[in-house]
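Open the model in your viewer and set it to cartoon. Have the selection box ready for a tour by residue number.

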Amino acid sequence: MSYQFLTVERRDAVEYVTLNRPDVRNAFNELVIADLVAWAKSAHQNPPRVVVLAGAGKVFSAGADAAWMAKMADYSREDNVLDARAAAEMFLAINTVPCIVIGRIHGAALGGGSGLAAVCDIVVTDADAIFGFTETKLGILPAMISPYVLQKIGASAARELFLTGMRFTAAKAKEIGLVHAVVPMADLDEAVGNYIKEALSASPTAVARSKALIPNVLGKLPADVINITADAIATQRVSPEGQEGLKAFLVKRPPSWTVKN
Ligand code: COA
């Protein structure tokens with residue numbers, strides 16, 4: 001598949017997906033969104049074991065393209081809503097890719113760029129990167145990213161950061177749960193590599209089902225999810241990978257899905 005503003009490279013079990021519109025700091029318009037949706041669809045059909053989502057050039061992503069947003073004033077209300085729904089579908093499609101998605105953030109992740117971080121499973125950032133839900137500073141709001149960001153940072157941090165639009169540090173991004181590891185830029189790829197190694201020793205079906213389980217359980221009462229949780233483990237432990245993993249552990253050998261990286 002070919003993309004206009006993405007580079008996608010599969011190296012063994014790992015797919016490297018790089019936003020490639022560096023002149024505007026990987027800001028995304030309808031064309032970038034179409035690329036990301038097409039990629040996410042292909043990843044749903046034929047998932048790699050791990051995805052690394054990164055940005056080309058100086059920063060990870062400056063979020064939504066301000067020029068694209070501004071021209072919506074020339075659209076009908078219906079077309080405006082359809083266009084916004086396409087962006088919402090993009091975040092949903094990335095959020096549900098059935099494998100481990102690692103965000104590799106450098107420089108800046110602002111607006112929808114921080115939203116892209118929120119739909120990654122693991123986020124590793126350069127310690128000097130800046131973050132922000134800057135939309136209110138531009139007179140707009142962080143709408144389509146809000147469900148994913150809220151799940152990561154909660155309402156308290158969202159009220160502070162969505163409402164002010166203030167920029168914040170990588171350290172703060174970690175404190176509020178948006179990112180998982182903060183390292184010097186020189187160590188960024190090594191830190192991503194360490195997560196890749198961990199990911200490649202996890203069972204692919206167990207990863208996919210664990211990822212699907214989280215939204216099914218989140219926010220519900222424990223008693224209300226007994227059917228879901230019991231069904232999940234009852235299915236997985238008798239599955240080929242469940243059996244392989246348990247037996248491999250008992251005889252002290254690596255399971256068959258382990259990939260050395
Ligand atoms: N939409 C459209 N264009 C953008 C953009 C965006 N979100 N972010 C940056 N650009 C463009 C700039 O207008 C500039 O274009 P020009 O070369 O024609 O002047 C170019 O990208 C480079 O931007 P610049 O600000 O000079 O780069 P920088 O490396 O000094 O700073 C950022 C990078 C990301 C820190 C800075 O561009 C920025 O703060 N962008 C706005 C991010 C934001 O608030 N996003 C939320 C959008 S809803």
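The stops below run from the sheets to a helix pair, then to the ligand and one lysine. Keep in mind that this is a predicted model.

**Stop 1: the six-stranded sheet**

Color the strands first. Six of them form an open sheet with mixed pairing, in the order β1-β2-β3-β4-β6-β9. Now select residues 6-11 and 181-183, which are β1 and β9. These two strands stand at the edges, and each has a single partner strand, so one side of each is left without a neighbour in the sheet. Look along the sheet to see its twist, which averages 20 degrees from one strand to the next.

**Stop 2: the hairpin at one edge**

Stay with β1 and add β2, residues 14-19. The two strands pair in the antiparallel sense, over six bridges. Pick Arg-10 to see one of these pairings: its bridge partner in β2 is Glu-15. Together β1 and β2 form a hairpin, with two residues between them. Select Asp-12 in the turn, where phi is positive, at about 55 degrees.

**Stop 3: the opposite edge**

Move to β9 and select β6, residues 122-126, as well. This pair is parallel and is joined over three bridges. Click Val-124 and find its bridge partner, Ala-181, in β9. Now show helix α7, residues 188-200, which packs on the sheet. Helix α7 touches β2, β3, β4, β6 and β9. To check its direction, compare it with β4, residues 100-105: the two directions make about 175 degrees.

**Stop 4: the three-stranded sheet**

Hide the strands shown so far and select β5, β7 and β8. They form an open sheet in the order β5-β7-β8, and the pairing is mixed. The edge strands are β5 (108-110) and β8 (167-169), each pairing on one side only. Neighbouring strands in this sheet are turned by 25 degrees against each other on average, direction ignored. Zoom in on β5 and β7 (residues 130-132), which run parallel and are joined by three bridges. Ala-109 and Phe-131 are bridge partners here.

**Stop 5: a pair of helices**

Select residues 30-45 for α1 and residues 77-95 for α3. How do these two helices pack? Their axes lie 9 Å apart, at an angle of about 35 degrees. The crossing of α1 and α3 is left-handed. Show side chains where the helices meet. From α1, include Trp-39 and His-44; from α3, include Asp-83 and Met-90. The residues of this contact divide into 10 nonpolar, one polar and two charged.

**Stop 6: the ligand**

Center on the ligand and display its surroundings. There are 14 residues around it, and Arg-25, Ala-62, Ala-66, Thr-134 and Arg-167 come nearest. Draw a distance from the side chain of Thr-134: one of its N or O atoms is 2.8 Å from an oxygen atom of the ligand. Do likewise for Arg-167, where a side-chain N or O atom is 2.9 Å from a ligand oxygen. Asp-23 takes part through its backbone, with an N or O atom 3.4 Å from an oxygen atom of the ligand.

**Stop 7: Lys-172**

Finish at helix α6, residues 170-175, and pick Lys-172 within it. Which side chain does the side chain of Lys-172 meet in a polar contact? The partner is Glu-160, at 2.9 Å. Beyond residues up to four places away in sequence, Lys-172 touches Glu-160 and Leu-161.

Conventions: Residues numbered from 1 in each chain as written. Predicted model: local features only at pLDDT ≥ 70, side-chain atom pairs only at ≥ 80, totals over all residues. Heavy atoms only, no water. Helix = DSSP H or I, 4+ residues; strand = E, 2+ residues; numbered from the N terminus. Polar contact = N/O pair within 3.5 Å; in protein donor to acceptor, adjacent residues only side chain to side chain. Contact = heavy atoms within 4.5 Å. Axes fitted to C-alpha atoms, helices over the stretch in contact; angles between N-to-C directions. Left-handed = near helix turned anticlockwise from the far one by under 90°. Nonpolar A, V, L, I, M, F, W, Y, C, P; charged D, E, K, R; others polar. Pairing = 2+ DSSP bridges. Near = heavy atom within 4 Å.
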